[in-house]
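Thanks for asking me to look this one over. My notes follow as numbered points, so you can check each against the structure as you read.

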Amino acid sequence: MSIFKSGCAAILVLSAFLFAQNDTLSSREELLPEEPSKGSSSEGSLEPLLEKALPESLDSKTSPKTVLYLGGGAFSPWYSLGVLYAVRDYRIPIDSVVGTSWGAFIGALWSQGFELDDIQRIVTDSLFVSQVLKKDPSPKTWMDLPVSRTGTPSLAFRFSLFGDANGYAHFRKKALDADTNALSQTLFRFQVQEALTRADSSVVPFTALACEKGKLLPSSAKSSLPFSKTSGELCPTFVPQDSAFAIYVAAYPLRQSVSYDPVYTVAGFESELEWVQKQKSDSNRTIVIIRPHGISEASPLALMQMGYADVEKKMGEFSPLANRATDRPAPLDSILPRFKIDPSFESFSAASYSHVSERWNMKDTGVAAPANFLHRLSESPFYDSVQIEMDSLGIAKVSALTSPIVEFRVGGLGNNILGPLFYAGVDFRYINQFEYAFTLDGYWGEHSYSVRPALQIQGFLTGKAGVSVMGNISKRRPLKGYFSELSDELKIFEVRENDLILEFDLQDSLADVSVSVLLGEAEFKTAMEEDYGTLRVNSLIPKISFVRNRGGFEEWFGDRGYRIRGELGLRSINLMGDGTGNAPLYFSSTVDIQKVFAPTDFISLGVGALGGVNVRRETGYGYEYPDELEVFPGESDKALENWFRLHPALSPWSSAWNFAEMSSHHYGSLRANAGLHWGILGAWIFGAYMRDFEENPTVELDADRILLEPMLRASYRSLDVRLGMSRLVSMQKPGDLLHMKNYHYFFQVGANW
């Protein structure tokens with residue numbers, strides 16, 4: 001930037017010291033903390049504060065002592081920083097700094113040895129900008145409805161449960177989602193506090209002005225900030241000493257075109273500037289006022305450039321300092337990097353201590369550690385009023401309110417296989433060393449119903465493991481019209497299930513692993529009911545499952561990330577047809593890999609591969625496919641056989657039912673999908689190739705098959721409506737895909753339950 005502005009010939013006398021300082025800046029990471037300086041109390045007089053601010057080593061009779069005052073306001077962090085860049089480049093000597101509000105924040109960092117570029121990185125962070133300028137990073141819209149974020153489509157109502165001093169229980173309405181604005185403000189305050197405790201040296205004397213009950217207090221910069229009770233914005237007018245050369249920086253413009261300050265703050269600016277102007281007229285005082293004429297663009301870059309330019313415009317008033325042009329002094333001590341922030345959870349009870357502390361990843365460094373911690377904590381419904389305060393030793397003290405949670409849900413789901421279904425659910429969760437969750441969900445329709453109770457305990461093994469017991473009591477009867485083209489011997493007319501599932505799960509950085517055992521009873525009505533009655537099946541299915549999700553992967557309709565999922569276990573299916581039954585034991589394993597990405601914001605692409613096999617060891621024959629489930633010696637039920645075969649998830653609709661044409665004891669598949677979406681609406685198409693290595697004898701299709709499934713989708717949180725059509729044909733007859741009347745048309749509300 002040019003040293004001189006055209007038309008400012010009066011400042012030529014300053015040419016002896018008006019040259020740019022070396023721009024080489026030392027880079028720093030996060031720094032070690034220091035106890036903030038605290039002055040003695042004041043009764044409203046500025047004399048003790050200014051005496052403290054001015055260094056004793058300078059002789060006021062031979063050289064003016066320069067005090068830099070940095071005022072407050074929403075624009076002051078960036079405007080003041082621009083002023084400091086000009087102070088550095090033009091080598092203007094500064095003997096002490098006095099600041100209030102955000103001016104105190106900038107002044108404290110600079111006086112403790114922070115390089116200006118390091119300060120700029122802090123104040124140009126998007127979170128800092130949005131909080132100071134009060135820009136809501138996630139504004140609420142009319143779409144912000146009390147809808148469950150995930151799971152079954154339903155309206156949800158969440159309450160925290162607490163007791164009063166008389167022992168009565170009360171419910172308090174609680175939001176379904178974490179208050180992102182409050183969490184952003186918490187992290188923002190922590191970043192400010194963390195920055196103020198970094199330096200371990202003081203290069204220039206600094207005083208922060210804070211006020212309490214109208215009295216001026218010497219304080220730390222923390223107490224002077226706008227979000228403190230003693231905010232410096234409420235301070236009386238700054239009065240420089242007679243012997244001081246005062247540089248008064250006010251980011252409040254003469255012509256106000258853009259404002260982010262409240263009315264009372266603006267009124268304070270006006271009154272203060274009017275008083276300073278009167279002091280400036282005193283011949284015994286030397287005050288240089290740095291103030292913008294007008295602000296039309298409230299961006300950090302524009303404000304910094306404005307502060308720099310406004311100093312240049314006033315260079316003629318700095319002539320008394322011509323013989324004292326100096327470079328910025330080096331820090332007295334080195335400023336060391338602090339890569340880790342130590343958290344403290346002492347405010348939490350023993351019941352919730354471990355549950356909270358395990359959410360802080362000790363491997364995280366810098367401000368990323370509290371940011372990730374707040375994100376993880378926001379996923380839990382238990383915590384309110386989360387605060388993180390940085391103390392003078394660099395300890396992040398975490399506090400929050402905790403209470404048991406009750407949630408009620410009501411909604412609906414269904415498709416054109418089972419028809420419309422009414423849904424209701426309730427959760428009760430609380431923390432006592434571990435996290436306990438009692439859940440009861442269920443749906444009811446004209447021909448179908450289901451009830452699913454569950455008990456989950458999470459928090460074992462430093463919060464990574466949990467156990468659960470889940471039940472399933474259900475009846476499903478397909479509508480008669482949907483499978484009208486299917487032969488009766490392949491139809492399941494009705495299935496009743498009574499299952500108990502025991503599970504242990506472990507969440508690890510590599511993958512989520514679970515070990516489960518299913519004990520099941522089922523009754524089937526098929527075409528053989530007239531001859532053999534209801535077929536009863538007992539199942540024992542122990543298995544190990546693993547899932548690795550990365551990049552925010554979303555099933556079917558995501559736009560980033562990948563997932564690897566696999567299962568390995570045993571299956572024992574005991575068919576009780578004639579009262580004797582048999583229990584063939586066999587191995588069952590599946591693997592499913594999906595990858596999705598988005599070349600643009602509104603286009604999503606995905607690819608995947610999957611496979612599975614059911615085999616058993618036959619003495620003298622090696623591995624073979626499982627034996628048939630015989631209803632009577634030498635006779636089996638084809639519909640039942642297909643029900644217990646594997647069913648690859650080739651597309652969203654293919655997993656809605658155990659479709660006979662996709663059943664196999666041994667398969668492999670490749671699939672791809674593409675989506676065009678905007679907001680809650682999207683158009684998707686899914687395609688897949690399937691190889692049936694078993695060559696299922698009950699299916700007329702060839703071993704090689706292809707699937708095509710286009711659909712339209714509308715989705716908002718758990719509300720998910722799909723309309724489309726699906727067709728699986730032999731690969732040797734791809735022209736069958738053109739026969740629209742043979743497609744399975746579907747309408748579905750909610751995912752598969």
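1. Let me begin with charges over rings in this predicted model. The charged end of arginine 172 sits over the ring of phenylalanine 162, and the distance to the ring centre is 4.2 Å. There is another such case to look at: arginine 452 lies over the face of tryptophan 753, 4.1 Å from the ring centre.

2. Next come the ring-to-ring pairs, which number 38. In one of them, phenylalanine 159 and phenylalanine 408 meet edge-to-face, with 6.3 Å from centre to centre and 65° between the planes. Phenylalanine 159 belongs to strand E3 (residues 154-163) and phenylalanine 408 to strand E12 (residues 405-415), so this pair ties together parts 249 residues apart in sequence. Are these two rings buried or exposed? Neither label fits: phenylalanine 159 is partly exposed at 21% relative accessible area, and phenylalanine 408 is partly exposed too, at 38%.

3. A second edge-to-face pair joins phenylalanine 188 and phenylalanine 227, at 6.2 Å centre to centre and with 80° between the planes. Phenylalanine 188 is in helix H6 (residues 180-196), while phenylalanine 227 is in the loop between helix H7 (221-224) and strand E7 (244-249), so the pair ties together parts 39 residues apart in sequence. Phenylalanine 188 is buried, with a relative accessible area of 4%. Phenylalanine 227, at 23%, counts as partly exposed.

4. Do have a look at the aromatic cluster as well. Its members include Tyr482, Phe483, Phe524, Trp643 and Phe644. Trp653, Trp657, Phe659 and Phe746 are also part of this cluster.

5. On to the nonpolar cores. In soluble globular proteins, nonpolar side chains tend to be buried together. Here the largest nonpolar core has 82 residues, and Ile92 and Phe105 have the most contacts inside it. Which helix gives this core its largest share? That is helix H2 (residues 76-89), which supplies eight residues. A second, separate core has 35 residues, among them Leu418, Tyr482, Val537 and Trp653.

6. Phenylalanine 105 is a good place to zoom in. Apart from neighbours within four places in sequence, phenylalanine 105 is in contact with Ile122, Val123 and Phe128, and also with Val192, Ala195, Leu196 and Leu225.

7. Now for an open sheet of three strands. The strand order is E9-E11-E10, the pairing is mixed, and the twist averages 25° from one strand to the next. Strand E9 (342-344) and strand E10 (383-390) are at the edges with a single partner strand each, so one side of each has no neighbour in the sheet. E9 pairs with strand E11 (residues 395-402) in the parallel sense over three bridges, and proline 343 has alanine 396 in E11 as its bridge partner.

8. Which helices go with this sheet? H6 lies across E10 and E11 and runs at about 10° to E10. Helix H11 (residues 368-378) packs on the sheet, where it touches E10 and E11, and its direction makes about 170° with that of E10.

9. Strand E5 (residues 206-212) deserves a moment too. Six of its seven residues are buried, so most of the strand is covered by the cut-off of under 20% relative accessible area. E5 pairs in the parallel sense with strand E2 (residues 96-99) over three bridges, and valine 98 stands opposite threonine 207 in E5. With strand E6 (residues 215-219), E5 runs antiparallel and is joined by five bridges; there, glutamate 212 stands opposite lysine 215.

10. One more residue to check is valine 451, in strand E15 (residues 449-459). Valine 451 is partly exposed, at 37% relative accessible area. Leaving aside neighbours within four places in sequence, valine 451 is in contact with Leu440, Asp441, Gly442, Gly471, Asn472 and Ile473. Of these, glycine 471 is 20 residues away in sequence, with 7.9 Å from C-alpha to C-alpha.

11. Finally, the chain overall. The protein chain has 14 helices and 30 strands, and 49% of its 753 residues count as buried. Among contacts with a separation of 6 or more, 65% are between residues 24 or more positions apart.

Note on methods. Residues are numbered from 1 along each chain as its sequence is written. This is a predicted model: local features need pLDDT of at least 70, side-chain atom pairs count only at pLDDT 80 or more; totals for chains, interfaces and linings use all residues. Side-chain values use heavy atoms; hydrogens and water are left out. A nonpolar core is a set of buried Ala, Val, Leu, Ile, Met, Phe, Trp, Tyr and Cys residues joined through side-chain atoms within 4.5 Å. Buried means under 20% relative accessible area, exposed over 50%, partly exposed in between (1.4 Å probe, protein chains only). Helices (H or I, at least four residues) and strands (E, at least two) are DSSP runs, numbered from the N terminus. Contact means heavy atoms within 4.5 Å. Rings of Phe, Tyr and Trp (its six-membered ring) pair if their centres lie within 6.5 Å; planes under 30 degrees apart count as stacked, over 60 as edge-to-face and the rest as tilted. A charge sits over a ring if NZ of Lys or CZ of Arg is within 6 Å of the ring centre and within 35 degrees of the ring normal. Two strands pair if DSSP finds at least two bridges between them. Axes are lines fitted to C-alpha atoms, for helices over the stretch in contact, and angles run from 0 to 180 degrees between N-to-C directions.
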